[in-house]
Amino acid sequence: MDLNTITEIVRNPTGRPGADWREGDAWLAGGTWLFSAEQPDLRRLVDLTTLRWDPLVPTDKGLEIGATCTIREFYAFRPPVDWTAGSLFGRACEAFLSSFKVWNAATVGGNICMSLPAGPMITLTVALEARYELWAPDGTTRTVDALDFVTGNHQNILAPGDILRRVEIPVHALRKRVAHRRFTLTRLGRSTVFLVGTRTPGNNDLLLTVTAGTTRPVRMVFDDMPDAPTLQQSIDVIPTDVWFDDPNGTPGYRRHLTKHFAEEIRRELGSGSTP
């Protein structure tokens, strides 16, 4: 088989790439996955890094993350002091099963668009109520809730030629208290489960995000802090086919871990302890 299928690399796409999208094209950002596996159907790569999108733009409305922002750039970012949920940024970066060399190339947008259950940028952005700006080849733009983007293991709502342009995290989510739990079979292994809970200062609410153990992110919203049985019942109703099954854990094992860690998060955020 001839694996040398790439015939062209577009180094200087237009400021609004996609108008000449064709079958066999692929967007190129970090390329850490694209270059690690056979891609026999690809003929042309369109390099997005030459567009020089701003990696991180903090504003009074929140944080804008350019899709080509590298994990290294994101890890180095220091959020304002009142963005208490910013402590999750580093934790999510550290959840990558990768070396520092990969951090220098891998991008926030690339991790999201891969749409793997253990994608830590998916965990982060769903937990912090982010929205994604998507560009279509016909020039239109749409914005979607991060929760609705990933639909299954390595599946999302992107149509051919669509591109993730930026991630927008609202300031109200960045100012929440946050607690997280992550479990791996080995110290530097892929996440078996990754849970994040947030609570609004001055309120008794709880937003719990379940990822890695499920094929798509699951979000549970409680206006008032639930008691333990209520929280456990909310996890029990997650459909059986949503739980992920791979060598890192069976669906039953992942459900058990999720229920255990969810209760720890409930207790932590329900108390006066510091996240």
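Colleague: Over how many bridges do β13 and β14 pair in the antiparallel sense?

Modeller: This is a predicted model, in which local features need pLDDT of at least 70 and side-chain atom pairs count only at pLDDT 80 or more, while totals for chains, interfaces and linings use all residues. Residues are numbered from 1 along each chain as its sequence is written, and side-chain values use heavy atoms, leaving out hydrogens and water. Strands (E, at least two residues) and helices (H or I, at least four) are DSSP runs numbered from the N terminus, and two strands pair if DSSP finds at least two bridges between them. Threonine 209 stands opposite arginine 219 in β14, and the antiparallel pairing of β13 with β14 extends over 5 bridges.

Colleague: Why is one side of β11 and of β14 left without a neighbour in the sheet?

Modeller: The open sheet has 4 strands in the order β11-β12-β13-β14, with antiparallel pairing. β11 (177-184) and β14 stand at its edges, and one side of each is free because each has a single partner strand.

Colleague: At about what angle does helix α7 run to β14?

Modeller: Axes are lines fitted to C-alpha atoms, for helices over the stretch in contact, and angles run from 0 to 180 degrees between N-to-C directions. Helix α7, residues 228-236, lies across both β13 and β14. Its angle to β14 is about 150°.

Colleague: Is threonine 215 buried or exposed?

Modeller: Threonine 215 sits in the loop between β13 (206-211) and β14 (218-222). Beyond four places in sequence, its contacts (heavy atoms within 4.5 Å) include Pro117, Asn153, Asp241 and Trp243. Buried means under 20% relative accessible area, exposed over 50%, and partly exposed in between, with a 1.4 Å probe and protein chains only. Because its relative accessible area is 15%, threonine 215 is buried.

Colleague: Which helix gives the largest share of the core that has 51 residues?

Modeller: A nonpolar core is a set of buried Ala, Val, Leu, Ile, Met, Phe, Trp, Tyr and Cys residues joined through side-chain atoms within 4.5 Å. In the largest one, of 51 residues, those touching the most other members include Leu63, Met121 and Tyr132. The largest share, 5 residues, comes from helix α5.

Colleague: How many residues are in the other core, which has Val210 and Met225 among its members?

Modeller: This core lies apart from the largest one, and Val193 and Val242 are also among its members. Its total is 20 residues.

Colleague: Are α2 and α5 roughly parallel or roughly antiparallel?

Modeller: The axes of α2 (residues 87-94) and α5 come within 8 Å and cross at roughly 160°. Angles under 35 degrees count as roughly parallel, over 145 as roughly antiparallel, 65 to 115 as roughly perpendicular, and the rest as oblique. The crossing angle therefore makes α2 and α5 roughly antiparallel.

Colleague: Which residue of β5 stands opposite proline 58?

Modeller: Strands β4 (56-59) and β5 (62-66) pair in the antiparallel sense over 4 bridges. A hairpin of 2 residues joins β4 to β5. Opposite proline 58 stands leucine 63.

Colleague: Which residue of β3 is the bridge partner of glutamate 8?

Modeller: An open sheet of 3 strands has the order β1-β3-β2 and parallel pairing. Its edge strands, β1 (8-10) and β2 (25-28), each pair on one side only. β1 pairs with β3 (residues 44-47) over 3 bridges. There, the bridge partner of glutamate 8 is arginine 44.
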